[in-house]
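Biologist: I am new to this structure and would like a close look at a single part of it, explained slowly and with each term made clear. Please choose the part, and bring in the surroundings where they help.

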Amino acid sequence: MTDKVVVITGGSRGIGRATALAAAARGYRVVVGYATNQAAANEVVAAIETKNGKAIAVKCDVGSEQDILALFKAADAFGTLGALVNNAGIVGKSGVRVDEMSAERIQQMMAVNVTGSILCAREAVKRMSTRHGGQGGVIVNLSSVAAKLGAPNTYVDYAASKGAIDSFTVGLGYEVAGEGIRVAGIRPGLIDTDIHAAGGEPDRAHRLAHMVPMKRVGTADEIANAIVWLISDEASYVTSAILDVSGGR
Ligand code: NAP
């Protein structure tokens, strides 16, 4: 497995970046997807190559089917696909109630977080399923504890998108369990990344840390460690399962 290709959407920053570095350290060939920040993606590739790992950066806005097809085409040229990490995700502005939400915002949320993940999974299944002549593989979907908590008065559209990811993880796992593919989800809690700034509240994770049973925010590395375990053969009997990595939140 470890000489195989791992595609990570949104691998340029945050949890995706940490996962790219952790996967490369275990010997995987890493495809670092990014939406716009080419410099950040190139930095991840350079950090991997410095340690004699193998990685390429590929621009892929998961809101675009064309970009997704190009991402997997680039992955095909790089080696045999062994895993997909559906990590790319967005939040809208925090603190917007549903009665204030534009259709555009909700559609963008679903296009990136839900449709993008399902389309990437489609491309991965076509390549990894034994039904299509593949050698099997693993798909890890990034959900959020927001799927359970609902994120009221914060961003219920985001929470709903992650609820969809949970259902998709369970259903797809059953669908392809007999075809050599495992599917698992991770629900991170409050993790110290740029996503909170993207929601207009850079300090959000730290402000809410006191509500976490472990009384602290999590790090991107703590999520990455769970992801690389799930894609490894050590998790060989895990499918249609969702793991909370949230300090108890
Ligand atoms: P982040 O720090 O904001 O990084 C986002 C990454 O996704 C970047 O690499 C970015 O690429 C990429 N991206 C953004 N929009 C994209 C698009 N349309 N298409 C493709 N890539 C896109 O986010 P993060 O905190 O690491 O979150 C990663 C995942 O974990 C997300 O699914 C998020 O919902 C989930 N999560 C995070 C937390 C948390 O507290 N941080 C908690 C629960 C769940 P560029 O660099 O090109 O912009």
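Modeller: A residue is called buried when its relative accessible area is under 20%, exposed when that area is over 50%, and partly exposed in between, using a 1.4 Å probe and protein chains only. By that rule His 196 is buried, with a relative accessible area of 7%. This is a predicted model, in which local features need pLDDT of at least 70 and side-chain atom pairs count only at pLDDT 80 or more, while totals for chains, interfaces and linings use all residues. Residues are numbered from 1 along each chain as its sequence is written, and side-chain values use heavy atoms, with hydrogens and water left out.

The part I have chosen is the sheet, together with a helix that packs against it. Helices (H or I, at least four residues) and strands (E, at least two) are DSSP runs numbered from the N terminus, and two strands are said to pair if DSSP finds at least two bridges between them. Seven strands form an open sheet in the order β3-β2-β1-β4-β5-β6-β7, with parallel pairing. The edges are taken by β3 and β7 (241-245), each of which has a single partner strand, so one side of each is left without a neighbour in the sheet. From one strand to the next, the twist averages 20 degrees; here axes are lines fitted to C-alpha atoms, for helices over the stretch in contact, and angles run from 0 to 180 degrees between N-to-C directions.

Following the order from β4 towards the β7 edge, β4 pairs with β5 (residues 137-142) in the parallel sense over four bridges, and Ala 83 stands opposite Val 138 in β5. Next, β5 and β6 pair in the parallel sense over six bridges, with Gly 137 opposite Ile 181 in β6. Finally, β6 pairs with β7 in the parallel sense over five bridges, where Ala 184 has Ala 241 of β7 as its bridge partner.

β6 deserves a pause, because eight of its eight residues are buried, so the strand is largely enclosed by the rest of the structure. Its two faces are both covered, with Ile 181, Val 183, Gly 185 and Arg 187 buried on one side, and Arg 182, Ala 184, Ile 186 and Pro 188 buried on the other.

Now for the helices that lie across the strands, where contact means heavy atoms within 4.5 Å. Helix α2 (residues 38-50) lies across β2 and β3 and runs at about 170 degrees to β3, while α4 lies across β4, β5 and β6 (181-188) and runs at about 170 degrees to β4.

Helix α3 (residues 65-78) shows how one side of a helix can be covered. The expected span of a helix is 1.5 Å times one less than its number of residues, and for the 14 residues of α3 this gives 20 Å, which agrees with the 20 Å between its end C-alpha atoms. Its buried residues include Ile 68, Leu 71, Phe 72, Ala 75 and Phe 78. Seen down the helix axis, the buried residues of α3 fall within an arc of 110 degrees, so they line one face of the helix; the arc is that of the directions from the helix axis to the C-beta atoms. An α-helix has 3.6 residues a turn, so residues three or four places apart point the same way. Among the elements that cover this buried side are β1 (5-8), β2 (29-34), β3 (54-59), β4 (81-86) and α4 (103-128). On the face turned away from the buried side, α3 carries the exposed residues Gln 66, Lys 73 and Ala 77. Just after the helix, Gly 79 takes a positive phi of about 150 degrees.

Two loops that lead into the edge strands also call for comment. Most residues other than glycine have a negative phi. Asn 52, in the loop between α2 and β3, nevertheless has a positive phi of about 65 degrees although it is not a glycine, and Asn 52 is exposed, with a relative accessible area of 71%. Ser 240, in the loop between α9 (220-231) and β7, likewise has a positive phi, near 55 degrees, but Ser 240 counts as buried at 13% relative accessibility.
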